[in-house]
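Here are a few exercises to work through with the model open beside you. Try each task on your own before you read the solution.

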6 protein chains.
Amino acid sequence: MRTDGRRFNQLRETTIETDFTKHPEGSVLITVGDTKVICNASVEKKVPPFLRGEGKGWITAEYAMLPRATAQRNIRESSKGKVAGRTMEIQRLIGRALRAVIDLDKLGERTIWVDCDVIQADGGTRTAAITGAFVATTIACARLVEDGVIDAMPITNMLAATSVGINEQGDALLDLCYEEDSNADVDLNMVMTDEDQFVEIQGSGEEATFSHTQLNDMLQLGTEGIKTIFDYQRDALGEYANLIKGSDNHD
Amino acid sequence: MRTDGRRFNQLRETTIETDFTKHPEGSVLITVGDTKVICNASVEKKVPPFLRGEGKGWITAEYAMLPRATAQRNIRESSKGKVAGRTMEIQRLIGRALRAVIDLDKLGERTIWVDCDVIQADGGTRTAAITGAFVATTIACARLVEDGVIDAMPITNMLAATSVGINEQGDALLDLCYEEDSNADVDLNMVMTDEDQFVEIQGSGEEATFSHTQLNDMLQLGTEGIKTIFDYQRDALGEYANLIKGSDNHD
Amino acid sequence: MRTDGRRFNQLRETTIETDFTKHPEGSVLITVGDTKVICNASVEKKVPPFLRGEGKGWITAEYAMLPRATAQRNIRESSKGKVAGRTMEIQRLIGRALRAVIDLDKLGERTIWVDCDVIQADGGTRTAAITGAFVATTIACARLVEDGVIDAMPITNMLAATSVGINEQGDALLDLCYEEDSNADVDLNMVMTDEDQFVEIQGSGEEATFSHTQLNDMLQLGTEGIKTIFDYQRDALGEYANLIKGSDNHD
Amino acid sequence: MRTDGRRFNQLRETTIETDFTKHPEGSVLITVGDTKVICNASVEKKVPPFLRGEGKGWITAEYAMLPRATAQRNIRESSKGKVAGRTMEIQRLIGRALRAVIDLDKLGERTIWVDCDVIQADGGTRTAAITGAFVATTIACARLVEDGVIDAMPITNMLAATSVGINEQGDALLDLCYEEDSNADVDLNMVMTDEDQFVEIQGSGEEATFSHTQLNDMLQLGTEGIKTIFDYQRDALGEYANLIKGSDNHD
Amino acid sequence: MRTDGRRFNQLRETTIETDFTKHPEGSVLITVGDTKVICNASVEKKVPPFLRGEGKGWITAEYAMLPRATAQRNIRESSKGKVAGRTMEIQRLIGRALRAVIDLDKLGERTIWVDCDVIQADGGTRTAAITGAFVATTIACARLVEDGVIDAMPITNMLAATSVGINEQGDALLDLCYEEDSNADVDLNMVMTDEDQFVEIQGSGEEATFSHTQLNDMLQLGTEGIKTIFDYQRDALGEYANLIKGSDNHD
Amino acid sequence: MRTDGRRFNQLRETTIETDFTKHPEGSVLITVGDTKVICNASVEKKVPPFLRGEGKGWITAEYAMLPRATAQRNIRESSKGKVAGRTMEIQRLIGRALRAVIDLDKLGERTIWVDCDVIQADGGTRTAAITGAFVATTIACARLVEDGVIDAMPITNMLAATSVGINEQGDALLDLCYEEDSNADVDLNMVMTDEDQFVEIQGSGEEATFSHTQLNDMLQLGTEGIKTIFDYQRDALGEYANLIKGSDNHD
């Protein structure tokens with residue numbers, strides 16, 4: 001039994017609220033236990049310099065936490081005048097993950113900015129951000145199709161993420177909350193598509209290590225968990241889920 | 001009649017949700033029409049260098065907008081590596097306003113950080129932030145009293161803010177939304193206490209000017225509006241409102 | 001009687017020296033008591049990106065203090081690598097004020113940079129800066145007209161500023177020196193045109209508040225003071241004062 | 001056959017030169033094919049604020065490239081005034097990896113700074129940096145033991161890293177050079193101990209994905225490759241290799 | 001004959017006004033032709049970390065130009081967020097030069113900050129700054145002695161600076177104005193004491209070179225010029241000049 | 001006799017290794033005693049904004065030290081977010097020196113970036129950098145000629161640098177190592193061409209001064225030393241040395 005009473009292979013309660021704020025092309029509030037992240041997808045009609053004139057688009061992500069999203073207040077990165085390494089690492093991960101399931105040629109010369117702002121943190125903010133960012137991006141793209149701005153849906157597959165870990169007793173756990181994450185020997189973030197493919201795996205044992213067997217246990221746990229998350233995403237997306245090519249094949 | 005059907009002296013629909021997130025000592029979501037600001041008050045057990053050893057506290061505010069709080073996405077200040085002049089101006093205003101109604105001696109050597117993060121903007125974000133920040137701060141202080149951390153309530157008066165303006169037809173308007181604000185000739189922000197005193201007035205006619213008569217019209221409109229806002233604050237504060245010295249006298 | 005022997009409604013001795021340095025299109029040293037500010041207006045033949053191709057101009061201001069303009073030396077903002085909030089607030093105020101009395105269409109695609117550098121500070125630096133900046137800007141514009149670079153004078157009205165306040169005894173004071181400013185309960189900066197219109201009012205009671213009556217007393221005191229300052233400006237401008245449309249009506 | 005004639009499971013030629021420069025406590029030049037990284041370990045007699053007074057040490061890494069380590073010159077991060085996200089990600093990885101095999105209690109209140117400076121880049125700079133950093137750190141620690149500064153060797157295990165990937169034909173490749181890395185569908189960095197344990201795995205398919213089978217193929221290839229790298233490290237370390245507890249058991 | 005009618009060995013008209021502003025311990029406006037520099041010496045009762053507890057003082061300089069000190073407006077270094085290389089080079093030179101004639105032990109644990117702010121530039125700003133900075137520093141030190149704060153005058157010698165150059169015709173010129181400096185093949189800045197010793201020489205032929213003979217001609221011209229500048233400094237210092245040990249010997 | 005057994009007029013052992021790394025157009029490792037500097041010349045097919053469209057090129061230099069090039073580790077400038085004054089001073093010196101012997105018209109619209117990275121420091125890093133930078137630049141230019149990219153060799157003369165100084169006993173010393181440099185009263189850096197002309201001399205007596213006689217002694221010592229360095233450069237350049245116009249005349 002876990003600190004919050006969950007089974008080892010049980011996700012936290014997860015909700016995905018769409019149209020959370022009114023301005024963005026896609027706006028989502030994802031809640032995973034006590035972790036809450038606003039994921040806003042903004043469509044801009046230009047691309048970064050390295051892509052100009054190539055007729056294809058770009059998608060990039062930014063990640064931040066409100067100063068008091070955490071138990072202790074953190075100084076704002078804008079006040080410090082620089083973005084922390086952890087933040088950069090996370091926003092690079094989110095952007096990379098999204099690029100694995102989007103056909104940038106179909107987007108035309110547009111950039112999608114996905115802003116993931118954590119308003120309350122309790123572990124797993126980066127994986128919640130990826131899961132929510134996918135929904136926000138899909139909504140933004142679906143509306144570009146609806147409005148006739150682009151011809152075809154650029155999203156090629158469903159995409160979701162979760163974390164798994166090994167606690168001090170050696171048990172593999174799904175979807176770690178902050179307390180579990182702090183005490184875990186190993187922490188592994190997984191991003192997968194709905195075709196059972198890995199997009200990204202990042203496993204790290206700070207001051208600890210893990211065996212091939214433990215890795216396999218974690219990967220299996222995470223793979224099952226992500227399947228459930230795809231259901232939450234499909235519910236949130238409604239009709240839009242059907243526009244995703246890969247998704248069609250699996251429903 | 002105004003663009004959104006309001007009367008000239010009518011506030012937008014305003015709600016103040018307390019305990020919006022779980023970590024801060026005081027956490028509020030204030031909604032004024034389509035403007036939404038999270039106001040979190042954090043208590044830290046130390047003071048800035050210039051106050052060390054003096055036995056008194058400090059209160060300071062920070063203000064920010066999510067990149068897509070607005071119709072067009074704004075670049076994050078953390079990415080730019082510096083805080084914009086507008087942001088600084090606003091957070092200095094919020095801090096100054098709060099300091100007018102808090103007895104820093106009663107706070108002891110503590111700093112209250114008030115973070116005002118706009119998640120959706122439709123005009124009047126700075127005045128909504130002040131109104132919400134006051135509620136978050138009061139809750140944080142009341143809990144310090146409840147927990148026996150400090151002896152007496154340091155809040156001396158209720159504090160609220162609104163904006164007033166003059167439109168192109170020369171009418172004075174209360175509580176401008178973004179569209180009205182963009183077209184107004186004059187924009188005046190008012191911060192008042194529940195003893196009918198001004199804490200701050202900032203009136204500005206970018207590319208326009210205003211007469212003494214117009215100023216008086218605006219001040220009267222704002223004074224009435226703020227009285228209504230005090231009622232919303234008292235509802236949100238519940239019992240805690242009674243701990244405010246000045247407030248007791250006026251109910 | 002005030003600390004320096006002035007009457008409540010008496011300005012400090014004020015001088016405006018033109019052509020103070022040789023390079024700028026308009027260069028002024030304004031002295032208000034012991035406050036001394038160099039105000040240089042520079043004309044540049046381009047506009048910021050948001051105005052390109054619109055055929056109109058822009059005016060913007062920057063404000064700084066020499067490190068030892070004050071009793072204690074301040075660290076240079078260039079050494080700290082960022083501009084302080086107070087500086088930003090002041091330079092935004094100066095720019096906004098000037099834009100209220102300049103017809104940017106008549107300026108053509110030009111930017112006027114007004115640099116206000118305080119070489120000695122004794123209170124009221126921002127209002128002295130506005131008063132001096134107006135003279136420097138007017139000279140720069142008048143010379144553009146003289147040289148046939150632009151057809152018509154873009155300055156539409158005289159513009160000047162002063163500060164008023166309430167001391168601890170409750171008296172309203174005109175043109176506060178540093179010592180008075182430090183002890184004042186309320187500080188109000190006023191910017192007006194020579195048509196008796198307000199351009200900007202910023203009143204603030206840090207750790208204090210003020211009533212509507214006190215506000216009116218201060219506004220009246222300031223209005224009278226600013227009328228005198230217009231005379232100093234007209235003397236400094238000489239012939240150039242007659243080029244100002246609004247000014248003509250009032251001489 | 002690969003572009004440079006290697007077999008799929010063949011490492012590039014790897015050399016580890018110790019005492020490369022004279023000042024650092026441990027100094028190594030590691031060459032992996034055309035990739036060359038200087039790894040310098042510096043011992044400093046203090047710890048970061050969060051560890052002060054706890055009697056234990058810290059180890060941290062920094063990573064950089066000479067501007068012309070690459071085919072195209074890159075702007076220096078010092079000129080840009082900020083450290084790139086990629087750099088932060090890499091130096092955080094190196095530091096985390098080293099902390100998995102060092103007993104910080106045995107180090108006492110000391111910080112080991114490991115500077116990894118790439119002077120020539122041809123793919124795999126981060127894994128070469130980890131492999132070299134381990135040797136430099138081990139030498140620095142061994143000398144602290146030799147000099148009687150600390151009592152016992154704080155290094156608990158050998159540590160090395162390599163990259164594996166999947167090319168466009170679907171083959172798993174060991175130790176990718178830059179050309180292979182640019183064309184690979186999947187790139188996986190592995191850090192392991194000499195007890196066959198994972199310290200860190202980071203697999204990413206930018207614009208591609210990978211299956212569980214492909215992951216296992218890559219992990220097996222990498223595990224074999226890293227075993228060979230431990231031999232190179234032992235040769236470079238000489239006697240010092242025997243001071244490593246975990247290493248003793250495996251020779 | 002030179003562009004401004006001077007002889008090759010003739011200085012520009014030079015004046016040194018003391019007590020230019022009221023706050024600094026030593027305040028000077030030096031005018032050399034059309035070059036005008038405010039030099040303010042501020043005494044602070046602490047030293048930089050590397051000198052703490054050693055019982056000796058420090059002297060350092062900062063240099064800046066008003067944005068419109070020059071024919072074209074320059075962007076403020078505070079706006080750019082960094083200090084230019086030229087500025088750093090100059091302020092390091094001024095500080096080094098002053099340290100050659102001050103006995104830091106006699107200063108006690110104090111720092112003298114010398115701020116050199118160019119309000120109008122016409123060539124030779126760095127050498128004018130050194131000459132003026134010496135006077136401001138001497139006044140500040142003399143007042144510390146007068147006030148009994150320190151026992152003995154820490155200034156050991158007079159110090160002054162000038163520039164010399166070679167024009168396109170090969171003539172050596174003393175004290176170059178901006179136009180001459182721009183056209184010169186060689187520019188040499190000299191700092192000397194009143195005992196005929198060099199403190200600093202910096203000669204540079206950007207896109208040109210110079211012979212040993214030309215160097216000697218320039219050095220002789222500069223040595224004569226600096227002798228005259230010492231007279232201007234002694235006039236400005238009045239009685240204070242007699243407190244300088246080295247100076248006594250030479251009057 | 002000197003601390004390392006050299007005669008007063010004896011250079012340290014100097015080697016210049018060409019093609020040190022594979023990517024740059026010119027790559028050199030220069031070793032002067034224990035000082036080691038990598039000098040890489042990169043050719044870029046564009047020029048800075050101020051030269052665009054003028055048909056001529058530019059050459060600029062950057063200088064840095066690895067954090068542990070010195071006895072104590074230095075914090076990286078990229079971590080501090082700004083380039084130190086010393087670094088700026090040195091890289092400006094290197095760039096200026098190189099521009100004295102390059103005909104920028106012959107280079108066409110190209111920029112040569114010369115990166116001087118000190119991997120081990122023992123005094124004289126800036127002069128070693130200039131000597132090495134000249135060789136790297138010459139190789140890069142010679143290859144542009146060889147490849148037919150430009151028509152004629154833009155290098156007009158050989159260029160080399162060394163340092164001289166006066167020790168506490170008053171002896172003039174050639175090519176100071178770090179220990180000598182730290183104890184020297186005077187330090188003079190000289191840059192010369194192979195036509196016996198000065199390009200740059202920078203002499204400084206921090207907390208000391210020097211006479212005209214001492215200056216002449218130093219200049220003579222340095223002039224002789226630099227002649228020897230030209231021989232090392234010619235050996236390193238081989239055939240390429242003959243492409244230098246000025247050099248031809250002197251062999």
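**Exercise 1. Find out whether A:Asp175 is buried or exposed, and then look at its backbone.**

Step 1: A:Asp175 has a relative accessible area of 4%, so it is buried (under 20% relative accessible area, with exposed being over 50% and partly exposed in between, using a 1.4 Å probe and protein chains only).

Step 2: Now place A:Asp175 in the fold. It sits in the loop between strand E7 (172-174) and helix H5 (178-183) of chain A; helices (H or I, at least four residues) and strands (E, at least two) are DSSP runs, numbered from the N terminus.

Step 3: Check the backbone angle. A:Asp175 has a positive phi of about 60°, although it is not a glycine. Most residues other than glycine have a negative phi.

Before going on, a word on the ground rules. This is a predicted model, in which local features need pLDDT of at least 70 and side-chain atom pairs count only at pLDDT 80 or more, while totals for chains, interfaces and linings use all residues. Residues are numbered from 1 along each chain as its sequence is written, chains are lettered from A and ligands numbered from 1 in the order in which they are written, and side-chain values use heavy atoms, leaving out hydrogens and water.

**Exercise 2. Do the same for A:Asp19: which loop holds this residue?**

Step 1: Look between strand E1 (14-18) and strand E2 (26-32) of chain A, and you'll find A:Asp19 in the loop there.

Step 2: The phi of A:Asp19 is near 50°, again a positive value in a residue other than glycine.

Step 3: As for its surroundings, A:Asp19 is partly exposed, with a relative accessible area of 46%.

**Exercise 3. Trace the neighbours of strand E8 (residues 186-193) of chain A.**

Step 1: Start with cover: 7 of the 8 residues of E8(A) are buried.

Step 2: Go to one partner. Strand E6 (residues 159-166) of chain A runs antiparallel to E8(A), joined by 8 bridges; two strands pair if DSSP finds at least two bridges between them. Here A:Leu159 stands opposite A:Thr193.

Step 3: Go to another partner. Strand E9 (residues 198-204) of chain A is also antiparallel to E8(A), with 6 bridges, and A:Leu188 has A:Gly203 as its bridge partner in E9(A).

Step 4: Follow the turn. The hairpin of E8(A) and E9(A) has 4 residues between the strands, and A:Asp196 takes a positive phi near 70° in it.

**Exercise 4. Work out what B:Thr111 touches.**

Step 1: B:Thr111 belongs to strand E5 (residues 111-120) of chain B and is buried, with a relative accessible area of 3%.

Step 2: List its contacts (heavy atoms within 4.5 Å). Not counting residues up to four places away in sequence, they include B:Ser42, B:Val43, B:Glu44, B:Trp58 and B:Thr60.

Step 3: For scale, take B:Lys36, 75 residues from B:Thr111 along the chain: their C-alpha atoms are separated by 25 Å.

**Exercise 5. What turn lays chain D on chain A?**

Step 1: A turn of 180° with a shift of 0.0 Å along the axis does it, giving an RMSD of 0.0 Å (a least-squares fit on the C-alpha atoms of residues with pLDDT of at least 70 in both copies).

Step 2: The two copies are therefore related as by a two-fold rotation axis.

Step 3: In chain D, the C-alpha nearest that axis belongs to D:Gln202, 2.2 Å away from it.
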